[in-house]
Amino acid sequence: MIETTAAETSGVVLSSGPQADLFSQIAGNPSLSASLWLNIALAGLSILLFIYMGRNIDDPRAQLIFVATMMVPLVSISSYTGLVSGLTVSMISVPYPGGGSEEVLIMWGRYLTWTLSTPMILIALGLLAGSNLTKIFTAVVTDIGMCITGLAAAMTTSSVLLRWFWYVISCAFFVAVLYILLVEWPADAEIAGTDEIFSTLKLLTVTLWLGYPIFWALGSEGLAALTTTQTSWAYSILDIGAKYFFAYLLLRWVTDHEGVIGNLASGSLGSATPADD
Ligand code: RET
């Protein structure tokens with residue numbers, strides 16, 4: 001008799017090969033699967049809710065904030081579909097600082113899709129703060145640098161030292177992002193009159209974003225103090241706060257204060273020195 005796996009009997013496996021094996025490995029681990037499916041469900045609900053919330057927004061700058069924020073759950077649902085299907089995960093031989101290496105399931109698709117989702121969060125925050133193009137550009141490119149070098153850290157297997165060197169480079173980019181979030185934009189938001197909501201979102205963002213490099217270091221990509229499933233749950237929970245909850249708070253404020261955003265539009269985005277006149 002030919003043996004069939006749980007995934008095969010459920011009728012979802014149509015092929016065999018490395019990707020199908022990874023898919024079966026994830027599907028066969030209920031907790032790991034749940035950490036991914038929960039985000040697919042929440043991203044789907046967020047998309048529907050945000051479309052509904054944004055239905056009457058007329059001001060172009062408020063619409064731009066909406067589009068950028070809407071992209072966050074849209075990228076997220078794509079990201080988690082890539083992970084759960086086995087497309088954007090690999091078995092990688094991770095070298096550990098104590099010596100030796102281990103073959104572990106690495107969800108590298110996360111780092112790749114953060115390259116698309118995190119700039120959207122920063123664009124929305126920069127627009128909300130009434131910041132100028134220079135600062136928004138700087139935040140976006142240093143953030144992309146952080147994500148791509150984080151991907152390089154996760155995928156480097158040749159040398160433990162170089163793996164962690166990538167990690168340090170990524171952290172350096174992150175410091176630049178934090179500087180803009182903590183120093184530049186709060187000052188802009190004060191002038192723009194959006195400082196109250198900005199400071200709430202800044203606190204949420206900075207606190208949760210700091211969790212990512214911490215869990216990278218503790219997780220299966222770093223020191224392996226946590227298992228792959230625990231690491232995946234850590235990122236999934238951080239994602240719920242940093243994406244859907246963040247986006248909900250921001251969009252709720254924008255729908256209630258469209259006029260404030262509209263008044264910002266005439267001044268800041270085009271000029272090099274925003275709102276200091
Ligand atoms: C990595 C590892 C290398 C060092 C640093 C990292 C930072 C990641 C961050 C991710 C934020 C992701 C979010 C996703 C939402 O879609 C790449 C983990 C600094 C801050 C908010």
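Here is a short walk through the ligand shell, one helix pair and one loop residue. The model is predicted, so local features need pLDDT of at least 70 and side-chain atom pairs count only at pLDDT 80 or more, while totals for chains, interfaces and linings use all residues. Residues are numbered from 1 along each chain as its sequence is written.

Let's start at the ligand. It is surrounded by 18 residues, each with its C-beta atom, placed from the backbone, within 6 Å of it. Ser 117, Gly 150, Ser 170, Tyr 212 and Pro 213 are the closest. Two or more shell residues come from each of H5 (109-128), H6 (133-155), H7 (160-192), H8 (195-218) and H9 (228-256); helices are DSSP runs of H or I, at least four residues, numbered from the N terminus. The shell has 12 nonpolar, 4 polar and 2 charged residues (Ala, Val, Leu, Ile, Met, Phe, Trp, Tyr, Cys and Pro count as nonpolar, Asp, Glu, Lys and Arg as charged, and the others, Gly among them, as polar).

Next, look at H5 and H6. Their axes, lines fitted to C-alpha atoms over the stretch in contact, lie 9 Å apart at an angle of about 160 degrees. That makes H5 roughly antiparallel to H6 (an angle over 145 degrees). Residues in contact have C-beta atoms, placed from the backbone, within 7 Å; among them are Trp 114 and Leu 122 in H5, and Ile 144 and Gly 150 in H6. This contact divides into 14 nonpolar, 4 polar and 2 charged residues.

Finally, visit Ala 224 in the loop between H8 and H9. Ala 224 is not a glycine, yet has a positive phi of about 60 degrees.

Terms used: Axes fitted to C-alpha atoms, helices over the stretch in contact; angles between N-to-C directions. Parallel < 35°, antiparallel > 145°, perpendicular 65-115°, else oblique. Contact = placed C-beta atoms within 7 Å.
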